[in-house]
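User: I would like to understand the wording used for the rings and the empty space in this model. Could you take me through the terms one at a time?

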Amino acid sequence: MDDVARIAKVSTSTVSHVLNGTRKVSPATVRAVEAAIQELGYIPNTLARSLARSTSNTIGVAISALSNHYFSETVHAIETECAKHGIMMLYVDTRDDPEQELRAVRALHHRRVDGILLAPSADPQHLALEYLRANEIPAVLVDRLVAQGFDQVGVENKKSSQDLVSHLIEHGHKRIALISGSPGLTTTDERIEGYRAALDAAGLRFDPALLVSGESSSEPARLATRQLLTLAVPPTAIMAANNLMTIGAMHALRDAKVDVPEQIALVGFDDFDWADFFIPRLTVMAQPVKELGTRAVKLLMKRIEAPEGKKQTVRLAPTLRVRNSCGCL
């Protein structure tokens, strides 16, 4: 580093600021330092720096992203925000399995990450959360807000679901079904609460036969939709509580030759790239994925810098994107 400073004609501390991004440095100075680094073939000793500062400049992300486009987008948003701050991201897929989730958190901890972003599974024992607490690991819960004592970032599920169902009610629908997510997830519970709140506000009776579980996946949602279609009085509208379940519902309706929205209206929670290209185009409640990832990283950075202090819960508002699967347009 001394040699780099000498060639670039700057102080050693300036070289350090350029390498670590710890202070704003003029573009000309950055270029001079980078040129000196290239000339010398200098490679910063990341391990030595992390030991000296007791940090690794790395965060861990434990999310089940491979099976769900929404979480894949969330991880991408997290990675983008990390890159802005010069932070390396280590990712482990939890597969929404409590045992794998605990293994993932342990593995990230053993690799000396500075903190962890976690989308908790439906684990009634909260083993991963207890591990984070016991080891005093800075952590932020993402999407699924399940526990006090952690910073958390998610969306406003109840009101958003209520608004989505109310939109169907405004179209005259009175028999509205909900394909809910996996049991035990807070997002599942909150979206069911919003569904029932919309029915109550409109003076509509809740029919347990119209609430079916799609287990947050496409195939169970397809089977759940088939079950709804066999009812003596089928629903006139369906809300699917995530993107995969929306696709499963569409498959079942197509297979049954049910026209959407002429015979049954369909709306979903989560937007995705091709939702606007389906026939009919899908009306959805779009979650602010980029903002979710950005806020999660910033909260974690703040918690790493100041481990003590009051924990924050951030709720972000989704956006209703009206297309024509609900009967609009």
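Analyst: The turns below go through the aromatic pairs, the burial of their residues and the charges over rings. This is a predicted model, in which local features need pLDDT of at least 70, side-chain atom pairs count only at pLDDT 80 or more, and totals for chains, interfaces and linings use all residues. Residues are numbered from 1 along each chain as its sequence is written, and side-chain values use heavy atoms, with hydrogens and water left out.

User: Why is the aromatic pair of Tyr 70 and Phe 71 called tilted?

Analyst: Rings of Phe, Tyr and Trp (its six-membered ring) pair if their centres lie within 6.5 Å, and planes under 30 degrees apart count as stacked, over 60 as edge-to-face and the rest as tilted. Tyr 70 and Phe 71 lie 5.0 Å apart, centre to centre, with 50 degrees between the planes, so the pair is tilted.

User: What makes the aromatic pair of Phe 272 and Phe 278 edge-to-face?

Analyst: The centres of Phe 272 and Phe 278 are 6.2 Å apart and the planes stand at 80 degrees, so this pair counts as edge-to-face.

User: How do you know whether Phe 272 is buried or exposed?

Analyst: Buried means under 20% relative accessible area, exposed over 50%, and partly exposed in between (1.4 Å probe, protein chains only). Phe 272 has 5% relative accessibility and therefore counts as buried, whereas Phe 278, at 25%, counts as partly exposed.

User: Why is the charged end of Arg 191 said to sit over a ring?

Analyst: The rule asks for NZ of Lys or CZ of Arg within 6 Å of the ring centre and within 35 degrees of the ring normal. The charged end of Arg 191 is 3.8 Å from the centre of the Phe 269 ring and sits over that ring.
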